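User: Please walk me through this model and say which definition stands behind each term.

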Amino acid sequence: MIKTPEQSIATRCVHAGEAADAHGSPHTPIYSTSTFAFPSTAAILDVVEGRASGSLYTRYGLNPTIQALEAKLAAIEGAESALAFASGMAAEAAVFLAHGRGGIVCIGDAYGGTLELLADQLPLLGIATHLLLGTELDQLDERLASLSGNAGRLVFLETPTNPALEVFDIAAIAERAHAHGARLVVDNTFASPVNQQPLALGADLVVHSATKYLGGHSDLTAGALMGSAELLGAVAGWRKNLGTTPAPETAALLARSLRTLPVRVQAQNASALAIAETMQAHPRVARVLHPGLASFPGHALAARQMNGFGGMLTLEVAAEGADPAAAAAAVVDRLKLFTLAPSLGGVESLVTQPCTTTHHGLTPEERQRRGISDAMIRLSIGLEDPAELIADLEQALADTAAEEPNRVDQR
Ligand SMILES: *Cc1c(COP(=O)(O)O)cnc(C)c1O
């Protein structure tokens, strides 16, 4: 069930889920406790047997700080309900186990951990999984029809994807999944709820690595799952007994971060687009992938289903006869303001070369099949002055150009 929000996302980010305490704290404090006391056996039984809501035990998620965070997370995605997790992977694992035991079809590039879980680990439990590239979308109906059983079937996708920022049509894919009685789960990590609301487009569940934009400061690890109370009810049992509930301290830190999510993401959207446009004209850059560029293949679809194009962009360094991996690495190593780290969504700009980090585990042939070139560098744009980020990129690219003749001479 989708809850049509009455307030803008900015207002929901600040106020949703907050309850003033007895001392007048303007937001829910950290209940740094593992268990909660009751006045009587009858009172504890009321909570244990579900007649009353209340705090009971933190691993169950029955802790006011965690529940306040979940109310905020639900409001931000326009969902009826939300569950917080200790990591994005914990959220994905729980939803796959709760609702994907009849089989899972993954479309397009997904996070490395997700691909490992789907390709190597869930099949060990007898769960059928299929990984389709974006170019193989025509096989979706056939793959879904091949999955049988009543144990729940899922279609899973990220949009935009990592690192090529491929954009998938959430509404159209949700319709196809539903025609087969399957549910659609969208990993909304790259877009953030500010730029994309998959539930309103027809997805059944949204998952986040809250470690990225939701946390936004590269200082916490957490995950989130949003959807109907009915679907999340089944997932909560898995979270409880896998023990993947976040700590109250992390929940409070994440709620703190969510209050500024829209200002951060809007600034990152604007900077990323400005940087993408400048880099597109740079002679040492062969290609810029960013959904906001009119030249980008997924631009029209992104403009239709997103409210902003996000803070991620991927550059392909012009290697001009040189080894593309070395040419890209030389640019990465000369950057001063961008931090070389395999994550995204923080206030500090980050850079990675996918073939050395996020996609290092794939064979060169598989990377090529997925359209991930060795010359790619992925940028997560932070909150620094965009002019200074552009200047940093320009000096890193200029130095590489200056070295090119030497390299040729040495051969
Ligand atoms: C990082 C990431 C994950 C995994 O999240 P963790 O919080 O590291 O477990 C899943 N999906 C995407 C798109 C990610 O970027």
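**Ligand contacts and the sheet**

User: What makes the backbone of Met89 and an oxygen atom of the ligand a polar contact?

Analyst: A backbone N or O atom of Met89 lies 2.9 Å from a ligand oxygen atom. A polar contact is a pair of N or O atoms within 3.5 Å, so this pair qualifies. Gly88 also places a backbone N or O atom 2.9 Å from a ligand oxygen. For Ser209, a polar side-chain atom lies 2.9 Å from a ligand oxygen. The protein buries 91% of the 380 Å² that the ligand exposes when taken alone (Shrake-Rupley areas, 1.4 Å probe).

User: How far do you trust these values, and how are residues numbered?

Analyst: The model is predicted: local features need pLDDT of at least 70, side-chain atom pairs count only at 80 or more, and totals for chains, interfaces and linings use all residues. Numbering starts from 1 along each chain as its sequence is written, and side-chain values use heavy atoms, without hydrogens or water.

User: Which residues come nearest to the ligand?

Analyst: Met89, Asp187, Ser209, Thr211 and Lys212, of the 14 around the ligand. Near means a heavy atom within 4 Å.

User: Why are β9 and β12 called paired strands?

Analyst: Pairing takes at least two DSSP bridges between two strands. Strands β9 (residues 312–317) and β12 (residues 376–380) share 5 bridges, so they pair, and they run antiparallel. One bridge joins Met312 to Ser380 in β12. Strands are DSSP E runs of at least two residues, numbered from the N terminus.

Methods
Polar contact = N/O pair within 3.5 Å; in protein donor to acceptor, adjacent residues only side chain to side chain. Helix = DSSP H or I, 4+ residues; strand = E, 2+ residues; numbered from the N terminus.
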